[in-house]
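Q: Could you take me through one part of this structure up close? I'd like to see how two helices can pack against each other.

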Amino acid sequence: MEGVLARAFQVLNVVGARDRSLTLAQISRETDLPKTTVHRVLQQMLRLGALERVGDRYRIGLHMFSLSSAVPEVQLRNVALPRLIELQ
């Protein structure tokens, strides 16, 4: 994966897959990206509201929740259903 957008999605995938907030070191380890790169991406995502910081931990921000709620339920179901069937 290349580019800042790809790295941002790597971070979102890791943070969004957890039911708890993560530290920079945990995100770096799980994305296999250098801490300096993760820090830079995290700072950009914090400014955009995509993530929130609580102490030294990061979690999905309210802006991401508002974006996800804008997706019509039927459309979301149509996208998710094939993936759920694959997981069975």
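A: Here is a walk through one helix pair, with a few other features after it. Keep in mind that this is a predicted model.

When two helices pack, we describe them by the angle between their axes and the distance between those axes. Here the pair is helix α1, residues 3-16, and helix α3, residues 35-48. Their axes come within 10 Å and cross at roughly 85 degrees. Angles of 65 to 115 degrees count as roughly perpendicular, so that's the label for α1 and α3.

So who's doing the touching? On the α1 side you'll find Val4, Arg7, Ala8, Val11 and Leu12. Facing them from α3 are Thr37, Val41, Leu42, Gln44 and Met45. Sort the residues of this contact by type and you get seven nonpolar, two polar and one charged.

Now look at the charged pairs. The model has two salt bridges, and one of them joins Glu30 to Arg18, with their closest N and O atoms 1.9 Å apart. Glu30 sits in helix α2 (residues 24-31), while Arg18 is in the loop between α1 and β1 (22-23), so this pair ties together parts that are twelve residues apart in sequence.

Last stop: the surface. Leu81, Leu84, Ile85 and Leu87 make a nonpolar patch there of about 410 Å². To find it, look for Ile85 in helix α5, which covers residues 73-87.

Key. Residues numbered from 1 in each chain as written. Predicted model: local features only at pLDDT ≥ 70, side-chain atom pairs only at ≥ 80, totals over all residues. Heavy atoms only, no water. Axes fitted to C-alpha atoms, helices over the stretch in contact; angles between N-to-C directions. Helix = DSSP H or I, 4+ residues; strand = E, 2+ residues; numbered from the N terminus. Parallel < 35°, antiparallel > 145°, perpendicular 65-115°, else oblique. Contact = heavy atoms within 4.5 Å. Nonpolar A, V, L, I, M, F, W, Y, C, P; charged D, E, K, R; others polar. Patch = residues over 30% accessible without salt bridge, like charges linked within 9 Å, V, L, I, M, F, W, Y side chains within 5 Å. Areas by Shrake-Rupley, 256 points an atom, 1.4 Å probe, with all protein chains shown as cover. Salt bridge = Lys/Arg side-chain N within 4 Å of Asp/Glu carboxyl O.
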